[in-house]
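User: I'd like to go through this model with you, jumping between topics as they come up. Could you keep the answers in plain sentences?

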Amino acid sequence: MLDIKLIRENPDYVKQKLKTRGEDEAAIHRIEKIDSDRLEILHKIEKLKELRNKASDDIAVMKKNKLDASDAIAQTRILGDEIKELDSQIKKLETELEQELYFIPALPAENVPLGKDATENVEVRVWGEKKSFDFKVKDHLELGKSLDILDFERGTKITGSGFPLYKGKGATLERALINYMLDNHISNNGYTEVLTPVLANRASMEAAEKVPKFEDDMYYIEKDGLFAIPTAEVSILNIHRDEILKDEDLPIKYCGFTNCFRREAGSYGKDTKGFLRVHQFNKVELINFCKPEESYNEMEKMLKDATGILESLGIHYRIIELCTGDLGFSASKCYDIEVWSYAEDKWLEASSVSNCTDFQSRRAKIRFKRHGGDGKQKTELVHILNGSGLATSRLMVALLESYQTNDGHITVPEVLRKYTNFERI
RNA sequence: GGAGAGGUGGCAGAGUGGUUGAAUGCGUCGGUCUCGAAAACCGGUAUAGGGGAAACUCUAUCGAGGGUUCGAAUCCCUCCCUCUCCGCCA
């Protein structure tokens, strides 16, 4: 969430920034009003509490000296009643303020291209070239079926549509991809592997800014009050919730594989084919906790970490920088990595790398102590970045399609062979 | 699921109604000493919010939320979590 102080002191700046995201300023107006009302009451309350504290100390002294304090007690009781009344008023305002703040997105970074929606995203670079096939390419559904490695129908039987079943060499290939990516990030890119829970409580979902804003997109187990994570970002970020980290430990970099669960409410009928949009998918996630001055630099590194995988797999991809109007809720800057689908004849999003700066860390209370040269310490919010490195479902589409042979088989990319123990499907 | 114990600062651990934001130890930071280090000694060391140019000051916080009281870490209620034993079980 945004810093209320920033809104208080620089409302016009905040409104202008939000406008570039297509947000209207009405909510900020409401917030300003609630905040000033709250401050006014806060001043009264603190004054009254100060009086009460002093009076209580006096009473303590009187009692100690065996003096009659009943007058003082009676007077202080009145103070207490006033405080109670104001307390309930301020609590109401605080709740209102929170409810508004929870729905205000992060402010775009200065160098993010302006634009109203996805059509105005900017292509940063393209890697590799499209292969040319001298036969008609099959899509991943045909390949999956004919080679008996993907079974969407039976996945549907088990759960419902959008829950894929991998089979035989398909399952092995998926596992190989995951292992390859993890090993790469651990050995070459300096990440610490974590294997986290895939269910998260409400506090964790809130800390990662997924709830209440996106509550309808989450699977929720009412009986236990738990959410299925939409991304490992949630579970990994919460490793350090409510912690104060040491500055010499930063940046802290984790990678972790989990299943991810998304209801995709409202997107029925769109990209429903096979892997293009699923409710459960596999993803290796990268999370970085760092000092504010490092975050944009770390972001570029994360982008390299993710694209390095694609390059070693020989997958044709491009990097898109999202414009202000297309940025995710928590992100100040975001790159999408898209892989080329030969059968769909379009780019598919396989990863996004986001710098969420202090937007999540404020809510999650993840800070660090900065040691000043003068021996003084200052507590600051860390910056948090997340990136998929990568999600396998759409990567699998690109991989199967681009490695198909004219006899309908799949050649396993070189780097995966030591994980699959086969070269061909 | 049944029975019991407990949640206090970075950690360990005192504290059962009144200058307790909280003893003590450890850690940590600064300093003295030293050629340097260790040891020893001295001093500092929570978080959030408000006011103030600043010095500083006020408020809140002892798992969370309510209650009792002039006053709550301490008493009462609800919830959450952890641990131990039993049961069940991958």
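User: How do the residues of the surface near RNA strand B divide into nonpolar, polar and charged?

Analyst: Bearing in mind that this is a predicted model, the residues of that surface divide into 12 charged, 6 polar and 6 nonpolar.

User: Which residues are the closest to RNA strand B?

Analyst: Of the 24 residues that surround RNA strand B, the closest are R8, R77, K91, K369 and T379. Of the atoms of RNA strand B that come within 4 Å of the protein, 77% belong to sugar and phosphate.

User: Which side chains have an N or O atom beside a phosphate oxygen, and at what distance?

Analyst: The side chain of N53 places a polar atom 3.1 Å from a phosphate oxygen of RNA strand B, and for K84 an N or O atom of the side chain is likewise 3.1 Å from a phosphate oxygen of the strand.

User: And what does H43 face on the strand?

Analyst: An N or O atom in the side chain of H43 is 3.0 Å from a sugar or linking oxygen of RNA strand B.

User: Which helices and strands supply that surface?

Analyst: At least two residues each come from α1 (4–9), α3 (26–64), α4 (70–101) and β12 (366–371), and the largest share, 12 residues, is supplied by α3.

User: Changing topic, what is the overall layout of chain A?

Analyst: The secondary structure of chain A comes to 13 helices and 14 strands, and its C-alpha trace spans about 100 × 45 × 45 Å along the principal axes. The domain assignment gives domain 1 (4–101) and domain 2 (118–420), with 42 Å between the centres of these domains, taken over C-alpha atoms.

User: How much of the chain is buried, and what share of the contacts is between residues 24 or more positions apart?

Analyst: Buried residues account for 51% of the 425 residues in chain A. Among contacts with a separation of 6 or more, 74% are between residues 24 or more positions apart.

User: Which residues touch the most other members in the largest nonpolar core?

Analyst: That core has 55 residues, and L313 and I315 are the members that touch the most others. As general background, nonpolar side chains tend to be buried together in soluble globular proteins.

User: What is L313 in contact with, leaving aside its neighbours within four places in sequence?

Analyst: With those neighbours set aside, L313 is in contact with L177, Y180, L395, L399, Y403, P413, V415 and L416.

User: Next, N184 and N188: which of them is buried and which is exposed?

Analyst: N184, which has its place in helix α7 (residues 169–187), counts as buried because its relative accessibility is 17%, under the 20% cut-off. N188, found in the loop between α7 and β2 (192–194), is exposed because its relative accessible area is 55%, over the 50% cut-off.

User: What do they sit beside?

Analyst: Not counting residues up to four places away in sequence, N184 touches N189 and I309. For N188, the C-alpha atom is separated by 8.8 Å from that of D305, a residue 117 residues apart from N188 along the chain.

User: Where are the cis peptide bonds at P212 and P251?

Analyst: The bond from V211 to P212 is cis with omega near 10°, and P212 lies in the loop between α8 (202–207) and β4 (220–221). A cis bond also joins L250 and P251, with omega about -5°, and P251 is found in the loop between β6 (243–246) and β7 (252–261).

User: Why would I look twice at a cis bond or a positive phi?

Analyst: Because most peptide bonds are trans, and most residues other than glycine have a negative phi. Here E209 has a positive phi near 65°, and T357 has a positive phi of about 40° although it is not a glycine.

User: Are E209 and T357 buried or exposed?

Analyst: E209, in the loop between α8 and β4, counts as buried because its relative accessibility is 2%. T357, in the loop between β11 (346–355) and α11 (359–364), is buried too, with a relative accessible area of 11%.

User: Last one, what does T405 touch?

Analyst: T405 lies in the loop between α12 (392–402) and α13 (417–420), and, not counting residues up to four places away in sequence, T405 touches F135, T411 and R424. The side chain of T405 also makes a polar contact with the side chain of D407, at 2.3 Å.

Technical notes:
Residues numbered from 1 in each chain as written. Chains lettered and ligands numbered in written order. Predicted model: local features only at pLDDT ≥ 70, side-chain atom pairs only at ≥ 80, totals over all residues. Heavy atoms only, no water. Near = heavy atom within 4 Å. Polar contact = N/O pair within 3.5 Å; in protein donor to acceptor, adjacent residues only side chain to side chain. Helix = DSSP H or I, 4+ residues; strand = E, 2+ residues; numbered from the N terminus. Nonpolar A, V, L, I, M, F, W, Y, C, P; charged D, E, K, R; others polar. Core = buried A, V, L, I, M, F, W, Y, C linked by side-chain atoms within 4.5 Å. Buried < 20%, exposed > 50% of the residue type's maximum accessible area, 1.4 Å probe, protein only. Contact = heavy atoms within 4.5 Å. Domains from an automatic or database assignment.
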